[in-house]
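Student: Hey, I've just opened this one and I'm a bit lost. Can you walk me through it?

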Amino acid sequence: MAELRAAVSGDSAQTPVVVAGGDRDSRFARRMIIVGATILSVVALVAVFAPLLSPWGETEIDPANTLVAPGGNHLLGTDGNGMDIWSRVLYAARLDLGIALAAVALAVVVGTLLGLVAGYFGGWLDDVLMRVVDIFQSFPTFILALAVAALLGNGTINLIITIAAVNAPAYARLVRAEVRSLRELPFVDAAITSGASPVGVLWRHLLPNSLTPVRVIAPLNCGWAMLTLAGLSFLGLGVSIPEAEWGAMISLGAADVVGGRWWTSVPPGLALFVCVLGFSLLGEGLQDRANAKRR
Amino acid sequence: MLSIENLSVTIRRPGRQVAALSGVTFAVRPGEVVGLVGESGGGKSMVARAIVGLLPGGSHATGRVLFGDSDVLRMDDAALAAHRGRGVAICFQNPRGALSPTRTIGKQLVDRLATHQDMSGDRAREAARELFEAVGIRSPQRRLDAYAHELSGGMAQRVMISLATGCAPDLLIADEPTTGLDVTLTREILRQFRHAADTDGRGVLLISHDLASIAEVCDRVVVLYAGTVVESGPAAQVLREPAHPYTRALLRSVPDVGGRPVVATPGAMPLLTEAPENCPFVARCAHADRTCSSRRPGTQPIPGGREWSLACFHPQTRPLDADLPSTSHTPDAGDAQPAAADPKPAVLEIEDAHVVYRSRFGSGGHHALRGVTLRLAPGETLGVVGESGCGKSTLAKLVMGLVAPTSGTVTVAGQALVKQPGRPRPRGRALRRARTRAQLVFQDPIGSLSPRRTVGDSIAEPLRAAGLSPAQREERVTAVLDRMELDRSILQRYPHELSGGQAQRIGIARALVGEPDLIVFDEPTSALDVTVQAQILDVIADVAADADRASVFISHDLATVRGFADRVVVLYLGRVVEEGPVDVVFDTPRHPYTRALLGSAPRLGGTAGADGEAVELVKDLEEADAATGCPLAARCPFVTDRCRSEQQELQSYGESRAACWRVPELPALIGRQAVTP
């Protein structure tokens with residue numbers, strides 16, 4: 001042992017000194033992205049193939065078996081109307097995922113356009129648009145969603161508009177801030193002196209470069225959108241029974257849970273949880289990766 | 001004191017490996033200033049990191065970094081903590097960024113003294129005041145209570161030096177301490193390091209990309225290339241008779257105010273993945289033969305040179321200037337004069353233009369340009385020089401129609417590009433076409449390209465406004481690519497995939513493609529590495545020589561302007577203080593400010609400044625508003641009451657014009673100034 005140590009120290013200058021670290025953060029971010037994307041792919045597949053995976057129809061009633069416990073004909077039992085919980089949880093993925101994605105897409109498009117215009121032209125246009133955004137953002141998100149939903153009434157399209165309206169201001173602000181800092185960079189001056197029109201500068205130069213933060217925020221936002229949707233449905237302002245939607249199912253089963261029939265509300269709750277987790281992991285992962293790149 | 005022995009650092013990360021240093025050996029003794037010189041990617045910063053024990057994650061290091069008796073590479077955390085601060089201290093390149101923005105600089109200095117020197121609060125404050133005085137900060141008591149953002153760049157660098165020297169380190173490392181500082185300040189800051197070595201016996205390691213500018217204060221220099229030491233030796237000798245072809249290339253790439261032509265070296269520094277088996281410079285070297293490409297030259301002492309050693313099979317022995325075509329500068333400077341007299345319509349006309357940036361809050365504003373009048377004929381090249389804040393960039397923006405004059409007029413090819421009093425401005429497509437008549441080449445080559453558009457797209461941008469078809473555009477783009485000596489495959493790439501030199505060629509290609517009447521070069525080489533700078537200057541000289549086009553070349557560096565401008569304009573605080581044919585202004589400067597600028601510019605051959613003739617300006621003023629009187633009044637050593645009260649207009653003195661009434665008396669005054677101290 002002593003000999004060995006002597007041999008090592010004798011040549012110590014040639015023994016490499018290794019400094020650990022360097023990329024642990026980005027590895028962790030990659031794992032988050034992979035897990036999140038996997039969860040979401042599974043949910044998407046379930047939504048697409050719901051008819052094949054469910055033994056019962058979305059609104060099919062088994063009148064003889066209301067509120068039966070999991071097992072037998074009904075994998076996760078039935079609710080008070082005799083509808084199969086397992087089938088409805090699977091079917092609900094369609095509506096939840098669809099509305100959340102559509103609402104965020106709409107919010108991104110509208111918010112980005114407003115932010116681009118406000119950020120680039122500035123002046124009174126900027127002032128007016130941003131004050132409107134301020135008004136929207138001065139209410140607690142969910143209260144605002146309640147108010148808009150109550151105003152517009154039920155229906156899938158109205159829900160999409162409601163959730164988009166609540167989220168669009170954040171994108172407008174984000175893109176506006178990005179455009180305002182990009183506008184000071186030399187490549188924008190280069191485009192202007194090269195004779196590009198204002199629309200050309202906005203569309204070909206500022207838009208593609210201002211979308212980076214949007215790409216990171218949008219997945220996180222999908223999770224929030226889904227929670228908002230479920231919350232509205234829970235309060236009866238969203239999807240109406242008998243259509244399958246997780247929030248509505250939780251609401252419907254709430255009374256039964258008190259009586260010990262947990263299977264009415266817990267499965268849709270878990271589905272919602274897993275789905276939101278998927279979006280969060282994906283979003284956080286993308287955010288960390290973007291930050292790591294910036295460093 | 002510091003002895004680096006055969007230091008190699010390889011950085012291994014998933015997917016890439018970089019041999020940052022390969023067998024670096026050199027030493028720094030107490031009281032000695034050693035310059036560590038090379039271009040980016042050469043390994044300068046990695047050496048500094050190794051000395052303070054801050055190698056990046058994924059590093060594999062072999063060799064020794066001996067500080068006293070202990071090896072920094074193998075120190076434990078406690079030993080490192082003591083080593084940093086008391087053993088070694090660093091001054092960073094960006095001093096304002098290295099100071100905490102939310103605490104006063106006094107507190108930061110006192111904290112450091114209290115931690116490392118165990119001083120009590122009062123004693124530390126007293127010591128801090130003395131440190132500030134030592135680095136030449138006037139009214140130190142008041143400065144202690146300042147925040148980082150309240151300091152000018154030069155002042156912040158002095159604070160950094162006092163922070164670094166405060167704990168009495170044995171070794172002071174300065175990483176590019178003067179990059180971004182004006183020439184008149186650079187020398188002053190460098191002298192502070194010389195002072196630290198002379199008075200306190202510290203060792204100083206001065207890291208820089210610019211050999212000529214630091215050589216004056218260095219005892220010895222070490223030249224790095226691709227992570228290897230190619231040459232090291234006494235500063236004066238290396239500067240005068242560099243023996244390694246790379247050192248020679250480095251020195252020749254830098255233009256000199258004396259008018260010595262720049263010689264560009266093709267190629268770029270290789271990015272090594274493992275320690276090189278051959279000479280790393282072989283691909284760019286004019287003297288390379290088969291030996292160079294098969295074996296790596298060992299480090300050999302040069303006979304006769306004290307501690308002068310070099311790693312090259314073909315040492316060059318002649319003085320640097322010997323193998324150059326004899327000095328006399330560009331012959332076209334003479335024949336450009338008749339061109340100016342031609343009755344051709346001016347490409348650019350600026351009449352008494354003022355630009356005021358209004359402050360968003362309150363009524364104040366920044367008066368960036370104060371009555372500038374310029375006229376530029378086709379084929380002419382105008383150089384614009386001045387220090388930061390003199391209004392150079394505002395002038396570029398004014399010409400390009402990116403800012404509107406507050407008063408006065410600007411026209412390019414007879415058309416106004418922005419709203420200005422009393423002139424119609426084209427609108428819509430006509431305006432867009434008019435804009436393409438003048439093109440700008442930017443200081444930040446990569447930042448001036450849209451990050452998410454391909455290079456091909458960016459170059460073709462001016463052709464869109466002209467309404468050319470895609471086929472026509474492609475034809476023009478490939479033609480201009482050929483002129484820039486770029487391969488067509490580059491068209492599909494994105495800006496982040498380009499090197500600085502490539503990106504600047506793309507920027508010039510974009511400016512040229514629409515065949516404009518005027519090209520403005522706004523500090524086009526200041527963000528580039530030294531040898532790349534020389535290549536780009538070659539390209540620009542070629543473009544500026546086009547007979548049917550006028551060029552404006554803006555630079556803080558007098559020497560680059562001398563290379564190819566016909567006329568030169570010197571700006572100070574938004575005013576033209578001197579104007580004239582380039583050789584006349586450089587050889588017989590009239591205005592005290594021009595004299596000071598020329599005196600501070602580094603010259604090769606060790607004779608810095610115009611021997612004794614240099615005008616020393618008062619340093620570091622809080623910028624006074626020079627609305628009345630001469631803008632230089634607060635800094636000029638020859639100031640009188642008349643200077644303070646009377647606005648100075650440009651007056652003819654021989655072939656050039658200067659805005660100073662004391663010009664005729666100046667030679668005598670300067671003579672007296674040189675005697676008095």
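Tutor: Sure, let's go from the contact between the chains to a sheet, and then to some single residues. Keep in mind that this is a predicted model.

Student: Okay, how many residues does each chain put into the contact?

Tutor: Chain A brings 29 residues and chain B brings 38 residues.

Student: And how much area is buried between chain A and chain B?

Tutor: About 2800 Å², with carbon and sulfur atoms giving 53% of that. On the chain A side, A:V17, A:T193 and A:R204 supply 22% of the area that chain A buries against chain B, more than any other three residues.

Student: Why quote an area at all?

Tutor: The accessible area lost when the parts come together is often used to give the size of an interface.

Student: What about polar stuff across the interface of chain A and chain B?

Tutor: There are 13 residue pairs in polar contact, counting pairs with both residues at pLDDT 80 or more. Strand 1 (17-18), helix 8 (186-193), helix 9 (198-210) and helix 10 (212-234) of chain A each give two or more residues to the side that touches chain B.

Student: Which of those gives the most?

Tutor: Helix 8 of chain A, with 6 residues. By type, the side of chain A that touches chain B divides into 12 nonpolar, 12 polar and 5 charged residues.

Student: How many salt bridges cross between chain A and chain B?

Tutor: The rule finds 2. In one of them, the side chains of A:R204 and B:E461 come to 2.9 Å, N to O. That pair links helix 16 (residues 455-465) of chain B to helix 9 of chain A.

Student: Are A:R204 and B:E461 buried or exposed?

Tutor: Both A:R204 and B:E461 are buried.

Student: You mentioned strand 1 of chain A. What does it pair with in chain B?

Tutor: Strand 4 (residues 59-67) of chain B, in the antiparallel sense and over 2 bridges. Within that pairing, A:V18 has B:H60 as its bridge partner.

Student: New topic: what's the order of the strands in the open sheet of chain B?

Tutor: The order is 6-7-8-3-9-10-12-11, so 8 strands with mixed pairing. At the edges sit strand 6 (88-91) and strand 11 (300-301) of chain B, each pairing on one side only.

Student: Let's pick strand 9 of chain B. How many of its residues are buried?

Tutor: 6 of the 6 residues in strand 9 (residues 220-225) are buried, so this strand is largely enclosed by the rest of the structure.

Student: Which residues go on which side of strand 9?

Tutor: B:R220, B:V222 and B:L224 are on one side, and B:V221, B:V223 and B:Y225 are on the other. In a regular strand, side chains alternate between the two faces of the sheet.

Student: And what are the partners of strand 9 in chain B?

Tutor: Strand 3 (residues 33-37) of chain B runs parallel to strand 9, joined by 4 bridges. B:G35 has B:V221 as its bridge partner there, and B:V37 stands opposite B:V223. Strand 10 (residues 228-234) of chain B pairs with strand 9 in the antiparallel sense over 6 bridges. In that pairing, B:V221 stands opposite B:G233.

Student: What's in the hairpin of strand 9 and strand 10 of chain B?

Tutor: There are 2 residues between the strands, and B:A226 takes a positive phi near 50°.

Student: Okay, where is B:Q648?

Tutor: B:Q648 is in the loop between helix 23 (641-645) and strand 22 (651-653) of chain B. At 8% relative accessibility, B:Q648 counts as buried because the cut-off for that is under 20%.

Student: What does the side chain of B:Q648 reach?

Tutor: The backbone oxygen of B:E646, at 3.3 Å. A polar atom of the B:Q648 side chain also lies 3.1 Å from the backbone nitrogen of B:W661. Beyond its neighbours within four places in sequence, B:Q648 is in contact with residues including B:C630, B:R642 and B:C660.

Student: What does B:R642 form a salt bridge with?

Tutor: B:E646, where the closest N and O atoms are 3.3 Å apart. B:R642 is partly exposed at 37% relative accessibility, and B:E646 is partly exposed at 34%.

Methods. Residues numbered from 1 in each chain as written. Chains lettered and ligands numbered in written order. Predicted model: local features only at pLDDT ≥ 70, side-chain atom pairs only at ≥ 80, totals over all residues. Heavy atoms only, no water. Contact = heavy atoms within 4.5 Å. Buried area = accessible area lost by both parts, 1.4 Å probe. Salt bridge = Lys/Arg side-chain N within 4 Å of Asp/Glu carboxyl O. Polar contact = N/O pair within 3.5 Å; in protein donor to acceptor, adjacent residues only side chain to side chain. Nonpolar A, V, L, I, M, F, W, Y, C, P; charged D, E, K, R; others polar. Buried < 20%, exposed > 50% of the residue type's maximum accessible area, 1.4 Å probe, protein only.
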